[in-house]
Each structure stands twice: as structure tokens, then as C-alpha cells.
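This report introduces selected features of one protein model to a reader who has not met it before. Please keep the sequence and the structure in view while reading.

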Amino acid sequence: MHRFSRLKAVLILVLVAVAAVIAAPNLLSNAQRSTLPAWLAGSRVVLGPDVQGGSHLLLQIERADIVKDRLERTVADVRGKLREANIRYTGLTGTDQDITVKITDVSQVDAAVHALDPLTVATKSGWFGGSVQNVSLQKGNDGQLSLRISDNNIDEGTVAAQAQSLAVVERRIAGLGITDFSVRADGNDRIDVKALGSIDVERLKNILNEPAQLSVRLIDETMSGQQALAGRWPATSEVLYSLDDPPVPYLVDRTDFVTGKNLADVQAVADAQADAVAITYKLDAEGTEQLAQKTRQNIGRHLAILFDDQVMAAPLINAPILDGTGRVPVSFSEDGARDLALMLRSGALPATLTTVEERTVSPALGAESKRAGLVAGFVAAILVTGLMFAFYRKLGIIAGISLVLNLLLILAVLSVIGATLTLPGLAGIVLIIGMAVDANVLVYERIREEAKAGHSFADAIDNGFSRAFLTILDANVTIVIAAVILYYLGSDTVRGFAVTLAAGILTTVFTTFTLTRWIVVTWLHRKHPRHLPRDVQTGIFDHAKIRFMGIRRYTFTVSAALSILAMIGFATLGANLGVDFAGGSLVEVKAKQGNADPDDIRARLGDLNIGDIEARRLSDASTALVRIQSQGGGENAEQSAMTLLRDELADDYEIRRVEVVGPAVSGELTRAATFGLLGSLAVILFYIWLRFEWQFAVGAIIATLHDIILTLGLFVLTGMEFNLTSVAAILTIVGYSLNDTVVVYDRMRENLKRYRKMPMPILIDASINQTLSRTVLTAATTLLALLALCLFGGEVIRPFAFVMLFGVAIGTFSSIYIAAPVLIAFKLRPDAIDSDQHEKVAEPETNPGNPAV
């Protein structure tokens, strides 16, 4: 294709203009965006909590609360059905999901079973239209009946509670004045919450965790709470405790006559003179009528105002309350009373929401990380463009222009899909800067090969783009597969990296074969060069005749020994698992004055009885990283330990970053990471198996395992924390390594067809030497981008960049010294050729049309 049609050129220009328009709102302030049309103002990348500050919470519905609610309902239903049928019973009790009752008259057992039949009727489930038996009933001896609430019934209750909780959580967050937040269901029993900006996360968690179920009952005056505890109390009452410290027992009637659903308005009021706090309420019509009736009938008795089954107040009924309004003194602080009023106005949650995962970043740290990421990206772009210019001159300038346009397209794509840009996602963009020019290098080297073969420069350009297409496609499919697997690992930060990586790879391929090709063809027709520019410097690799396979036994032996040592170290010493996989808390703190003192931090936190404490100073002497081991007391224990840490260090340190992972989530993340790694390997290698012979797939498997094992060995050797970001690094290394391997394999496949009797060691050496310029340049640009990220990307992302630096170097090595020799071991070409055979085997550097890539 020597010429682009005018229509294609116009479409390309329009595409670039549209991408610029879509990406532009990301560069404007909020005030400037407000002047744009709504469709354009909303087209922007959302900055994640770790970039702009904020909190990401994962809340889990307490199954025990659902079980308790279903148990109480079922016990009440059993009591009501038996009384309605005039059947005498005794010993009606319920524990967990089991209920027992004894029918006094054995002759009435069948009648009792018949009366309770409606409770056991199966109901339709939302799951595939099936049916669910709510309660099972069995007859025992001596009139004993046993009922069991089914697990499916509890599961349906949990799903229903999740749906109800979503709206309540949204109202509570909005009531705090937070405007930039999102709430969504996660699975069947969790709620995912993101709140961006400056957040009082402890207050937020307290408000979201409380069910805030309000009810009004009557105090049972037949005996005091203490007397009830010492003896037996009526079945129609129960003992509940007050919110006081120490709590006071009350005997309370079981029947609610006003609940939180009847509240029309609730406000907190403070009396500064009396140093007292109260809440004022207004009931709806139904609640007003119920309260008026009960207070009219029970003057002289006490009301019991309950908050989450605790007695918040027990006022004396002096007169009927007819207007449905009132004032209730509470033993809270002024802020606590306001939060209470907010929760009551927002509505009650059907169950407690437990925080099972928390990731919080202060706006100051988010701004620092964002600034560091942008600086790293700017430095990486300069280094990569400079290297391309040094080797390709005019073509290098075109590659630089394509890189800028590629970044513009990435930003536009992320804006259109409303992607969340996390800190690893920002690192992904920097990584793409290094990897994107790989496609340009492949094309340019193919053009150089075609020109050397005697084709006209115009034909060389056309053939170069065409012949490089499948190689580029095969090489980048592996990285896209790794990105897709990463997306489903479950962590939002890693998902941000996966989306950025996948978008970057796709736009890179698109840019190379549209924008870059158009620019090159336009330059060709304007300047009319008749041959490859002489200032292209990659010809220095043309005469390379390195005998890579000559030392394959030594490199294989050394690599095998290192891999065995790495596996032994991993099996005996293990990796330093981060909180993602081991659970616990990770906290970054900054001293308000002077330098952080890790020894003092360890001593102070050690007195709190929250287990082993690790503390170390970071590169900024005023900051320190603190880790608290998993508490082992369930999900709430992790949050309790975090609260103790905040209270202890709040006066001297600013909390900049918090990661708290409970045991349930850490176990799930471990399984997801394991299956993700195995799944990505399986899918990638299946693709290679389809595109190449089976020996190539085996070679790719061995080379990939080599890279993974040595990278794990790096974690063992250095003691670096192994977390989800580490998994992202390993999967990216796998994709990069296979990218490099596929390019070498693709050239081997060509040479196998071209030189059918060439001995495999010579053919492999020829193929590697022919692709050496591409290997060196791609590794160099990627390493330069990662070096910029490591030096300028900030403390949080530095471990990721360091692991990637190691992995890219190892991946480049394995594509030459592991993946290639395996083909000889598995006899891709069964027998070597004897030197006296009729078909002459040419040396690699004198092969006709010796390719450069």
C-alpha cells in the first residue's frame, strides 16, 4: 500500500481530533469542566483513591444477623400458629437455625404438624427459577417437633439484605457531605464502597457498620432487670442492656409498636448550658397513632427506646404523646448524637456491615504519588524517544510522534469507558511508553530487511508493515491475555493496572498500523527517499554472529541450578507475604515534627497487645511503614487493632496510608492469585500451541516457569513484600517474556521453512542474531521506562518497578537461552545435517535476504 486514500487520511485525522476532544477534559479544572457540554464534561478518567486520596471499603453482611432475624421470625410464627390452632406446647426454643417445641398432648402432634405446614412450603427462588424450602419439620418422640431453617433460606435473606442495604449506605455517605463516592454490590453478601477526597474514615466506618435499628417498646414492670436475671421472666419479655457503662439490665416487652420506619425526621440538639445532648424526632401518621394509643393506655409506666437491641433511653410516661414528636436525652457526645441522627434519618440496615477490607490514602500522599507518576512518565518518554532518535533519526522522530498520539488514544479510551486510574494504572502507562515502541522497531527492522533484499524503498515499507503484522499481533496477544486475567483477580488497584495495560497494548497495535503507517507513507510521498536513510544506526547488529547455542549447556545448567535454589528457598524460607495474602494491617505514617522513630513506634504499639509489630523508616526520614500481624480473632479484630493504632499514634503522626485485609478476603485473594497465574499460563500457552508447533509451546512453558521461579527467588532473597501488585508484576513479566519469545519463535518458523536442512543450533543462532536489534532495543526502551519509574515513581510503586526491571532482564535472557535450546532438546528438527550433504548450509550472516529482525 504505497499510498493512503484521501478518505483514510481524513478518517485518521478525525480520529485524532476526536481523541483529543475526549481526552481534553482530563486536563481541565472542575470549574473549567463545568462550562463544557454534559456529555463531554463527564468523559474523563476517574482518579482512584490511591491517586487523589480517599477510602475503599469492602463491607460484608453479617450472616449471623440474618440467621438471628430468621430464627426470631420463625419462633414467632411457630408460637402464633400453635396458639391459633389452640394447641398447648412447652419448651419452644431456638438456637442458630434449629427450633424445638414439645406438644403437651401427644394426640395433638399431627394437628400441630398440620398447623405448621405453611412454614415448610417451598417458595420460588430468584436463582434460575427454582424452589427453596424455607423450613424443614421432623417429628420426634414424646411430642417433640424439630424445625430447621434451610441454608437456602438464609442465603435468600442475605441477598435481600444486600439489596436493601445499598440504598441505606448511599444515604448515609451522602449525609456526611461526601459528594464523590460510589456504592455497588459485590457478590451476594458484600458491598463495595469508594469515597474520594479527604475522608474521616473512622467516622465513615462507624456510620456504615451500625444497623441503627430503632424501636419503641414498653418496660415490663412486673420485675426489675436484676430480678429477671436471678429468676425466670415471662416469655413475652426479654432482658436487654442499656448503652451505659457499665450496662444496666432491663426487662423489656418483646413487641415493637414504633420502629425506625415510622420516623419522619430526626435531629440532634445540644444544650451548651446544661452540657446535655438529645435527639428530637417526628413520627409519620402511623407511628403517631401507635405512640398515642400506647402512651394513653400506659401512663405511669416507662417506655423502652431501643437502638440495635440496647436500651438507649427509658423515659417515664407522664402523659399521652399525641403529636408524634418528642425529645430524647442520649448519653452521646455532640458529634455522636449527630451521627446517630444521620443513621436514623437514613434508615436502618437489615444486618451489621463488617469491614473486611480497607484501603485508605490521604489526599497529600495521593497528590505526591500522582506527581511522582507524572514525572516518571515524562522522564520515560524523553529517554525512550531519545533512544529511538539515536538509532533511527527521522524514523525515530516518527516513532516519538506515534508514541505521543498513542498516549492520547489511551487517555481517550480510558475516558470513554470511565476507567479508574489507580497508582499501578499510572505505572502501567509508564510501562507502555517503554513497550509501545516495540511495534515500531519490529516494523522498521522489517523495512530495513526488505530494503537490503533489493526491494525499492516504497515496496520495502509496504512489505515491512505487512510482514510485521502477524508477529506484532502474536507477541501482544500474550500481554492482553495476562491483562484480562489480572482484571479478574479482584483488587481494584490491580484492575486499574490491567485496564491501562490492555488499553495501551490495543492502542499501540492500532497506532502502528494506522497513524504510524500514514505518517511514514506521507513522508515517503513528500520527500521521495529512494533508499533507507543512511542515518539509521541499527545496522551495527547486521554482522552479529554470536554463537548463542554454543554455550547453551552452561547457561542451561546455571539457570537450572538457580531455579532449584530459588524453589528450595521458597519452600523453606517462604516469601514475605503482604497483608493481601497474610491478612493484617499495613500503615504508612508521617511524623508531624522531626523524623519518624521506628523503635518508639514498636514500643508504643507493643503495649497494646495486638501481636508482633514491624516498623521501618522509608526513604523520607519523616515517614515510616508499620505492619501489624493478622489478629486471628475474625474480621472485627483487624479493625479493632487499627483503631488502637490510630488512637495511640494520632498525636505524633499523620496517618497517610492504611491497608487492612481480613482473613476472609486474604484467603480469597490468595486463591484468586493462584488461579490467575495458572489460568493465564494455560490460556497463553494454549494460544502459542495453536499458532506454533507443540515444541514451541513446551519451550515457552519452560522459559515462563524459569522466569516465574527466579522472580519468586528474588522475593525470597530480598525479603520484599509479596502482594497483589507483585502478582501483577509477575503476570506482566510473563507477558513480556512470551512477547520476546514469540518474536524469536516467529523468525525461527520462517527460517525452518526457508532452510529446511540447516542444523537446529545454527538456525537458532541465525534467528536470534536476526532479531537481536529488536531484542536489544525493546529491552532497552522497556528498561529505561522502568528505571524512570523506579527512580521517580515514588515509594509505593518502587517495589513493582524493581521487580519488573529484574523480570524484563530475566525474560530477555530466557527467550534466548531457555526457550530456544528447548527446541533442540525436543528435536524440533530430528537430525543434524552431515557436512557432505548435497544441499549447502549457509552461514547465518551470508543467508540471502539476511533479516535484521
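Which residues of E17 lie on one side and which on the other, and are they buried or exposed? The model is a predicted one, and in it both faces of this strand are covered. Leu 303, Ile 305 and Phe 307 lie on one side, Ala 304 and Leu 306 lie on the other, and all are buried. In a regular strand, side chains point alternately to the two faces of the sheet. Since five of the five residues of strand E17 (residues 303-307) are buried, the strand is largely enclosed by the rest of the structure.

**Partners of strand E17**

Strand E11 (residues 214-218) pairs with E17 in the antiparallel sense, over five bridges. In this pairing Leu 218 stands opposite Leu 303 of E17. E17 is also joined to strand E18 (residues 310-313) by three bridges, and these two strands run antiparallel. Here Leu 306 has Val 311 of E18 as its bridge partner. E17 and E18 form a hairpin with two residues between the strands, and in this hairpin Asp 308 takes a positive phi near 50°.

**A sheet of three strands and its helix**

An open sheet of three strands follows the order E15-E16-E19, with antiparallel pairing. Strand E15 (263-271) and strand E19 (325-330) stand at the edges with a single partner strand each, so one side of each has no neighbour in the sheet. From one strand to the next, the twist averages 25°. Strand E16 (residues 276-283) pairs with E19 in the antiparallel sense over six bridges, and Gly 326 in E19 is the bridge partner of Tyr 281. Helix H11 (residues 334-346) lies across E15, E16 and E19, and runs at about 175° to E15.

**A pair of helices**

Helix H15 (residues 457-487) packs with helix H21 (residues 663-691) at an angle of about 160°, and their axes are 9 Å apart. Angles over 145 degrees count as roughly antiparallel, which means that H15 is roughly antiparallel to H21. The crossing of H15 past H21 is right-handed. Among the residues of H15 that take part in the contact are Leu 470, Asp 474, Val 477 and Ile 485; those of H21 include Gly 676, Gly 679, Tyr 687 and Arg 691. By class, the contact of H15 with H21 has eight nonpolar, four polar and two charged residues.

**Backbone features in loops**

Most residues other than glycine have a negative phi, and most peptide bonds are trans. The table lists two residues other than glycine with a positive phi.

| Residue | Phi | Loop between |
|---|---|---|
| Asp 96 | near 55° | strand E3 (89-95) and strand E4 (98-103) |
| Ala 212 | near 60° | helix H8 (201-209) and E11 |

What is the relative accessibility of Asp 96, and how does this residue count? At 48%, Asp 96 counts as partly exposed. Ala 212, with a relative accessible area of 2%, is buried.

A further backbone feature concerns a peptide bond. Asp 245 and Pro 246 are joined by a cis peptide bond, with omega about 5°. Pro 246 is placed in the loop between strand E12 (237-241) and strand E13 (249-253).

How values were computed. Residues are numbered from 1 along each chain as its sequence is written. This is a predicted model: local features need pLDDT of at least 70, side-chain atom pairs count only at pLDDT 80 or more; totals for chains, interfaces and linings use all residues. Side-chain values use heavy atoms; hydrogens and water are left out. Axes are lines fitted to C-alpha atoms, for helices over the stretch in contact, and angles run from 0 to 180 degrees between N-to-C directions. Helices (H or I, at least four residues) and strands (E, at least two) are DSSP runs, numbered from the N terminus. Angles under 35 degrees count as roughly parallel, over 145 as roughly antiparallel, 65 to 115 as roughly perpendicular and the rest as oblique. A crossing is left-handed if the near helix is turned anticlockwise from the far one by less than a right angle, and right-handed if clockwise. Contact means heavy atoms within 4.5 Å. Ala, Val, Leu, Ile, Met, Phe, Trp, Tyr, Cys and Pro count as nonpolar, Asp, Glu, Lys and Arg as charged, and the others, Gly among them, as polar. Buried means under 20% relative accessible area, exposed over 50%, partly exposed in between (1.4 Å probe, protein chains only). Two strands pair if DSSP finds at least two bridges between them.
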